[in-house]
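Work through the exercises below with the structure in view. Each task is followed by a solution in steps.

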Amino acid sequence: MARRHALTVCLAAALVAGCGGGGDGLNVPHAASAEAQGPAARYAALQALDARVATVFHRLVTANVDLCGAPGRSSGWSLHAANQYGAEMRPVVAATGDLKGDLPAVLAVVPGGPAARAGLEVGDVILSVDGTALSIGAIDAAESWDGVARNLAAMDAALADDGPAMLEISRGGAVRTVRLTADPACPHSVQLDVSDELNARANGTGVFISTALAGFAANDDELALILAHELAHNILKHRERFDREAPARRVFGNLAVAPSSLAAAERDADRWGLYLMARAGFDVDVAAPFWRRFGAANWRVRWAQWGHPSAEVRARQLEAVSAEIADARARTGRIDPR
Ligand SMILES: [Zn+2]
C-alpha cells in the first residue's frame, strides 16, 4: 500500500466529515507541538501516524478479503520517496536512509506483516523488483509524485502474483536481496493526507484520511472505525452507483446526488464498516462514543447535512449494529454483513 503525503484535494465520493469548507481549527495535538519544533519533529509525528494507519488498514483488508470481490494483495508497509517532499522536508527525509529521487523507501512496517516477515526495515530503499530496476528519476527535482507513482505501479504488478517477489534493496549503503510474499487482501489502498481538516474519503479504489482526523482517533479501534467506513464505501461500490445515478456529480460533487441515496449509502457503509472492524478483531463498541465526541468537536458532523445524518443519529444506529453483531456472534459465531 503506497501512499503519498500531499494536501488533500476534496473530490469525495462520500465522506465521514463532509466535503469542502474550511477546517474548524482542530489540529492534531502531536502535530501542533511538532510544528513548533520544526521539520524533524513534524516528520517523526507523520511517520508514527502513517505506521498506525498502515497497520490498522492492513488488518482490515486482510481479515475481510472474502467480502471484497476481486482479491488484491497487501505488503504490510508504507512507502515514500524523497521527490514527493518539498525543499524544507527533503533533507530530513534523506537523513532517514539512502533515499534518492523517486526510489521508493520503507516509511513504516506493519508488525508481523509481509514486509516485516521478509526482514524489511524502515529506511530500506527499493532498487529493483524481480530483476527490473526502478527509476531514480531526477534528483533534486521539484516536489512531484509522478515518478514515484510509476515505480509503485511497477512494484504492485510484481507483487500481485501468488509467488514471492525478489526485491533488491539498499540499507546503509549495502545492497541486499529480500523475498517478499504479499498477503491476500482487499484490492484497496490507504493514504494519509497532510491536512488540518477532519476528513476521510473513498474514491472507489483508495481510502484517504487526513492527518487531523487520524490524530483525532484516540486509539486504533477508533482509527479502524473511520477507515472501515471508507473501505465499506469502496467494497459496496458507492462511487460507481452515484456516478451512474447522477452524472453531474463529476462537476457538482455529492450535491448532485439525491440525499436519500446518499443517506442509504452512509447507513450501509456505517453498518458494513462495523462488521469489517469486528471481523478484524477491533472493538466495535467505540463507535457510538466516537461519533458523540466527534459531533461535539466538529460542527460539520454535529447536525444532519445533505444526505449525512447527524452525529447523534449515527451513534444510535451504530449502537444497534453493535448489538446485532454481538447477537450474531453469540448465536452462530459468524459475523457477516451480507
Ligand atoms: Zn461515508
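**Exercise 1.** State which spacing the donors of the zinc ion follow along the chain, and describe the arrangement of the donor atoms around the ion.

Solution. In this predicted model, the donors of the zinc ion are spaced as H-x3-H-x32-E along the chain. The protein atoms concerned are NE2 of His 229, NE2 of His 233 and two OE atoms of Glu 266, at 2.0 to 2.4 Å from the ion. Next, take the angles: the four donor atoms subtend 54 to 131° around the zinc ion. Four donors count as tetrahedral if all angles lie between 85 and 135 degrees. The angles of 54 to 131° make the arrangement irregular.

**Exercise 2.** Explain why His 229 and His 233 are separated by about one helical turn, and decide whether His 229 is buried or exposed.

Solution. Both histidines belong to helix 7 (residues 220–235), and they are separated by about one helical turn because they are four residues apart there. His 229 is buried, as is His 233.

**Exercise 3.** Classify Ala 217 and Phe 252 as buried or exposed, and describe where each one lies.

Solution. Start with Ala 217, in the loop that links helix 6 (211–216) to helix 7. Buried means under 20% relative accessible area. Ala 217 has 3% relative accessibility, so it counts as buried. Its contacts beyond four places in sequence include Arg 52 and Phe 290.

Now take Phe 252, in helix 9 (residues 249–252). Exposed means over 50%. Phe 252 reaches 57% relative accessibility and therefore counts as exposed. Together with Val 251 and Leu 255, Phe 252 makes a nonpolar surface patch of about 370 Å².

Key. Residues are numbered from 1 along each chain as its sequence is written. This is a predicted model: local features need pLDDT of at least 70, side-chain atom pairs count only at pLDDT 80 or more; totals for chains, interfaces and linings use all residues. Side-chain values use heavy atoms; hydrogens and water are left out. Patches are made of residues with over 30% relative accessible area and no salt bridge: like charges are joined within 9 Å, nonpolar side chains (Val, Leu, Ile, Met, Phe, Trp, Tyr) within 5 Å. Accessible areas come from the Shrake-Rupley method with a 1.4 Å probe; for residues, only the protein chains shown count as cover. A salt bridge is a side-chain nitrogen of Lys or Arg within 4 Å of a carboxyl oxygen of Asp or Glu. Helices (H or I, at least four residues) and strands (E, at least two) are DSSP runs, numbered from the N terminus. Buried means under 20% relative accessible area, exposed over 50%, partly exposed in between (1.4 Å probe, protein chains only). Donors are N, O and S atoms within 2.8 Å of the metal (3.2 Å for Na, K and Ca); water is not among the atoms, so sites may look incomplete. Four donors count as tetrahedral if all angles lie between 85 and 135 degrees; four count as square planar and six as octahedral if opposite donors are over 155 degrees apart and all others between 65 and 115; anything else is irregular. Contact means heavy atoms within 4.5 Å.
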